[in-house]
Amino acid sequence: MMANSNSIRDSDSDSEAGSKGKQKALEPTPPGTLSDYFPAKGERALSIGKTGSGKTLFNRWLLERLPDSPTIIYDTKHDPKFDRLPHHHVATTLDGVYEGLENLANDYIIVRPPPLYVASPQALDGLLLRHENEWRGIDAYIDELYHFHSGGRAGPGLSGLYTRGRSRGITTIGSTQRPAWVSGFVFSETQLFYLFRLTRESDRKKVNDFIPNFSDLPALKRFGFYAHRDDSEEETPKLMEPIPVDEKEKLGYTDHLETPEAANSETETEADQTPPNVWI
Ligand SMILES: Nc1ncnc2c1ncn2[C@@H]1O[C@H](COP(=O)(O)OP(=O)(O)O)[C@@H](O)[C@H]1O
Ligand SMILES: [Mg+2]
């Protein structure tokens, strides 16, 4: 279903600077009523789900539909799935980010900091501080929010994006496999939630604190999810079908081959309850 680069370039020729041509090349209607749950400019969205639940492929699908260009992707997990995005530029240094931003042909700047950098929440969060101050109007995607946290607290960069994103014209899409480690502040500043399969007790409890009727929702089928808009009249999150994924990508992964029992419950160890990062 993914358009190839040529068709995107062709359709891009008459578009204004700063808007992605790619959107026109993709099928316009998302499955179900998902179009009601697209982030508007400056809004914050959050995808939540255990590893292998389908978050990243969904988020990538969403990123392909953001109308503005470029988008900066903070890919601290170095996930090759983002390499399939058309017109992307990979940056492993700050200079690399500036280089990517200078070339207007780039629709996505994929930021992949080196491992030592990823181990420091302060250093990572500094990138988001810079984003808020220098890269206004440019949307942000953060693939693992807890990397930008320490001891359960969001750093000033992440908090800034979530507090002032709207006034800076920055749409922020975050994602996490461990919502228990993401601050309540991030939850309360989020308008749109995409809720994938989640099994750990502490994670489900955290989500339950912010999403109405979450604990009563029927179990999800694999790669399905619930969508919820915080300021809507709707009390209960809406069930969504999995996004379509091509065969090659379906085959590319084995971690999610789990028994149905394992999919619906998980024993929590002490280590699971301790966030990995602590401010020094
Ligand atoms: N909608 C989908 N349909 C079919 N397979 C999917 C779908 N979403 C994800 N997958 C499969 O699951 C794997 C993990 O998906 P991913 O989005 O990386 O999960 P997460 O980011 O939650 O860990 C993918 O590589 C793919 O094989
Ligand atoms: Mg992922």
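# A guided tour from Phe225

Select Phe225 first: apart from neighbours within four places in sequence, its contacts are Phe58, Tyr194, Leu195, Phe196, Leu220 and Met240. The model on screen is a predicted one. Phe225 also belongs to the largest nonpolar core, which has 53 residues. Colour Ile73, Tyr74, Ile109, Val111, Tyr194, Leu195 and Phe225 together, since these are the members that touch the most other members of that core. In soluble globular proteins, nonpolar side chains tend to be buried together.

**The whole chain**

Zoom out to the cartoon representation. The protein contains eleven helices and eleven strands. Of its 280 residues, 40% are buried. Among contacts between residues at least 6 apart in sequence, 71% join residues at least 24 apart.

**The sheet**

Now display the strands alone. Nine of them form an open sheet with mixed pairing, and the order to follow across it is β3-β4-β2-β5-β8-β1-β9-β10-β11. At the edges stand β3 and β11 (238-240); each has a single partner strand, so one side of each lacks a neighbour in the sheet. Neighbouring strands of this sheet are turned against each other by 20° on average, with direction ignored.

**Around β4**

Select residues 88-91 and 108-111, which are strands β3 and β4. These two strands pair in the parallel sense over four bridges. Two positions may be labelled in β3: His89 has Ile109 of β4 as its bridge partner, and Ala91 stands opposite Val111 of β4. Add helix α4 (residues 94-102) to the selection; together with β3 and β4 it makes a right-handed β-α-β unit.

Next, bring in β2 (71-74). Strands β2 and β4 run parallel and are joined by four bridges. Tyr74 has Val111 in β4 as its bridge partner.

Which residues of β4 are buried on each of its two faces? Tyr108 and Ile110 lie on one side, Ile109 and Val111 on the other, and all are buried, so both faces of the strand are covered.

**Two backbone features beside β2**

Move to the loop between α3 (55-63) and β2, where Pro70 is placed. The peptide bond leading from Ser69 to Pro70 is cis, with omega near -5°.

Then select His87, in the loop between β2 and β3. His87 is not a glycine, yet it has a positive phi of about 50°. Is His87 buried or partly exposed? His87 has 18 other C-beta atoms within 10 Å; because a residue needs 20 or more to be buried, His87 is classed as partly exposed.

**Helix α9 and its buried side**

Go to α9 (201-210) and show Asp203, Lys206 and Val207, which are buried. These residues lie on the same side of α9, because they cover an arc of only 95° around the axis. To view what covers the buried residues of this helix, include β1 (44-48) and β9 (192-195) in the display.

**The loop from α9 to β10**

Continue into the loop between α9 and β10 (225-229), where Phe214 is located. Why is Phe214 classed as buried? Phe214 has 20 other C-beta atoms within 10 Å, and because 20 or more are required, this residue is buried. Leaving aside neighbours within four places in sequence, Phe214 is in contact with Val207 and Asn208. Val207 is one of the buried residues of α9 shown at the previous stop. Draw a distance from Phe214 to Pro237 as well: their C-alpha atoms are 7.6 Å apart, while the two residues are 23 apart in sequence.

Stay in this loop and select Phe223, which is also found between α9 and β10. Phe223 is another residue that is not a glycine but has a positive phi, in this case of about 70°. Phe223 counts as buried, with 21 C-beta neighbours inside 10 Å.

The tour may end where it began, at Phe225, whose contacts include Leu220 and Met240.

Definitions and conventions
Residues are numbered from 1 along each chain as its sequence is written. Chains are lettered from A and ligands numbered from 1 in the order in which they are written. This is a predicted model: local features need pLDDT of at least 70, side-chain atom pairs count only at pLDDT 80 or more; totals for chains, interfaces and linings use all residues. A residue is buried if 20 or more other C-beta atoms lie within 10 Å of its own, exposed if 12 or fewer, and partly exposed in between; C-beta atoms are placed from the backbone. Two residues are in contact if their C-beta atoms, placed from the backbone, lie within 7 Å. The arc is that of the directions from the helix axis to the C-beta atoms. Two strands pair if DSSP finds at least two bridges between them. A crossover is right-handed if, with the strands pointing away from the viewer, the path from the first strand over the helix to the second runs clockwise. A nonpolar core is a set of buried Ala, Val, Leu, Ile, Met, Phe, Trp, Tyr and Cys residues joined through C-beta atoms within 7 Å. Axes are lines fitted to C-alpha atoms, for helices over the stretch in contact, and angles run from 0 to 180 degrees between N-to-C directions.
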